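Welcome, and please open your viewer. We will go from stop to stop, selecting a few residues each time and looking at what is there.

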Amino acid sequence: MILCSCWLASCQSAAEQDTSVQSEENSTEEVEADHEGFISIFDGNSLEGWEGDPKLWRAENGVLIGEIKPDNLIENNSFIIWQGGELQDFEFKTEFRISQSGNSGINYRSERIDTLPYALRGYQADIDGKHTYTGQNYEEKKRTTLAYRGQKTTVNSQQNPEEANSLRANIERNAWLPTEVKEQIGGNEELKNHIREGWNECHLVIKGNKLQHYVNGVLMSEVTDNDTVNRNMSGLLGVQVHVGPPMKVEYRNIRLKKL
C-alpha cells in the first residue's frame with residue numbers, strides 16, 4: 001500500500017501519458033460471475049494455514065481481521081501469509097471491508113524479506129479506506145506503482161539494469177518510470193463509484209504476465225509486465241496491515257482457483 005500527496009501528479013510521471021493514449025470515458029469492463037473451481041483457503045475460525053503476527057491478526061465469525069490499535073502501533077508493514085505454497089497462474093476472490101483510516105492490500109507472487117518480520121516484497125492489489133488507491137497495482141518494496149486505477153499499462157525494464165541502484169533511479173514520485181499507459185479504462189472517480197463503503201469483492205486474475213484487478217466485478221487496473229529483469233512469475237500470497245494510524249481491515253470468503 002502507498003501514500004502519495006498527489007494522485008494526478010504521480011499518475012502523469014508514472015506513465016508520461018500523451019495524446020496517443022486512448023480514453024474510454026464512461027465505460028467500464030466487467031467480469032462475469034464464475035464460482036466454479038474456487039476453493040476456500042481460510043476456515044473462518046482460526047489462523048490455521050496462515051502465518052502472521054498474532055498481535056495484529058485474528059479470526060472471528062468467519063472473518064480474517066487485521067487491526068492496529070493505539071497501544072500496538074507498528075514500525076513496518078506487516079503481512080499474514082498463506083502457507084499453501086507459491087502461486088503461478090491463478091484467480092483469487094475475497095470480500096474486504098476497511099476502516100476509513102485503513103491502509104491494506106493483497107500481495108501475490110511475492111517473496112519474503114528476511115530482515116523484517118512478516119514482510120513481503122512483490123505485486124499488490126491496493127486497498128485503502130478512502131478508496132483513493134483501491135484497485136491499482138503497486139509493487140511493495142520494489143518498483144512501486146505499476147498501474148493506477150483506470151489504466152492498462154505495459155511495464156518495461158530499466159536501461160542498464162546491471163548498474164548499481166538502477167532500480168531506485170527509475171522510480172519517481174512513487175511510480176515506475178519505464179511504464180507505458182496503453183489504454184484508459186475509466187476515470188479515477190468514475191471507477192471509485194463502484195467501490196462501496198461496506199463490504200466489497202476483490203477478484204484477481206493473474207495469468208502469465210497479465211495481472212488484472214477487479215473490484216465488485218469491474219476492472220480497475222491491468223498490467224502487462226514485460227520487465228523480464230524484475231518481474232516475478234510465481235510467489236507467495238498474503239494480506240497487509242500498513243504503518244500509520246490505528247486501523248482495521250477485514251477479509252472474508254477467501255477463495256482461490258489455480259489455473
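In which strand is S221 found? Select S221 and you will see that this residue is found in strand β18. Bear in mind as you look around that this is a predicted model.

**Stop 1: S221 and its surroundings**

Keep S221 selected and switch on a surface if you like. S221 counts as buried, because its relative accessibility is 0%. Now show the side chain and look toward G135: the backbone oxygen of G135 lies 2.8 Å from a polar atom of the S221 side chain. Leaving aside residues up to four places away in sequence, S221 touches several others, including Q136, N137, A147 and Y148. Also among the residues it touches are I185, L211 and H213.

**Stop 2: a salt bridge in β18**

Stay on strand β18, which covers residues 218-225, and select D225 together with R143. These two form a salt bridge, with their closest N and O atoms 2.8 Å apart. The pair links distant parts of the chain: R143 sits in the loop between β10 and β11, D225 sits in β18, and 82 residues separate them. Are R143 and D225 buried or exposed? R143 is buried, since its relative accessible area is 0%, and D225 counts as buried at 1% relative accessibility. Add E139 and D227 to the selection: salt bridges that share partners join E139, R143, D225 and D227 into one network.

**Stop 3: two more salt bridges**

The structure holds 14 salt bridges, so there is more to look at. Select E111 and R121, which form a salt bridge with the closest N and O atoms 3.2 Å apart. E111 lies in strand β8 and R121 in strand β9, so this pair ties together parts that are 10 residues apart in sequence. E111 counts as partly exposed at 32% relative accessibility, and R121 is partly exposed too, with a relative accessible area of 26%.

Next, select E60 and R58. Their side chains meet in a salt bridge, at 2.8 Å from N to O. E60 is partly exposed, with a relative accessible area of 36%, and R58 counts as partly exposed at 26%.

**Stop 4: strand β19 and its neighbours**

Select residues 236-241, which make up strand β19. How many of the residues of β19 are buried? The strand is mostly covered, with 6 of its 6 residues buried. In a regular strand, side chains alternate between the two faces of the sheet. Colour L236, G238 and Q240 in one shade and L237, V239 and V241 in another: the two groups lie on opposite sides of β19, and all are buried, leaving both faces covered.

Now bring in the partners. Strand β6 (residues 78-82) runs antiparallel to β19, and 4 bridges join them. Within this pairing, I81 stands opposite G238. Strand β8 (residues 103-112) is also antiparallel to β19, joined to it by 3 bridges. Here I106 stands opposite V239.

**Stop 5: the nonpolar core**

Keep I106 on screen and add Y251. Within the largest nonpolar core, which has 44 residues, I106 and Y251 are the ones with the most contacts. Strand β20 (residues 247-258) supplies the largest share of this core, with 5 residues. As background, nonpolar side chains tend to be buried together in soluble globular proteins.

**Stop 6: K93**

Select K93, found in strand β7 (residues 90-98). Is K93 buried or exposed? K93 is buried, because its relative accessible area is 2%. Select I39 as well and draw a line between the two C-alpha atoms: they are 9.8 Å apart in space, while K93 and I39 are 54 residues apart in sequence.

**Stop 7: the whole view**

Clear your selection and zoom out. The protein has 3 helices and 20 strands. Of its 259 residues, 54% count as buried. Among contacts between residues at least 6 apart in sequence, 72% join residues at least 24 apart.

Finally, colour the model by confidence. The average pLDDT is 90, and 87% of the residues score at least 70. Where does pLDDT stay under 50? Select residues 2-26 to see that stretch, for which the model has 54 contacts beyond four places in sequence. Where pLDDT is low, the predicted coordinates should not be read in detail.

Methods
Residues numbered from 1 in each chain as written. Predicted model: local features only at pLDDT ≥ 70, side-chain atom pairs only at ≥ 80, totals over all residues. Heavy atoms only, no water. pLDDT = per-residue confidence, 0-100. Contact = heavy atoms within 4.5 Å. Buried < 20%, exposed > 50% of the residue type's maximum accessible area, 1.4 Å probe, protein only. Pairing = 2+ DSSP bridges. Salt bridge = Lys/Arg side-chain N within 4 Å of Asp/Glu carboxyl O. Core = buried A, V, L, I, M, F, W, Y, C linked by side-chain atoms within 4.5 Å. Polar contact = N/O pair within 3.5 Å; in protein donor to acceptor, adjacent residues only side chain to side chain.
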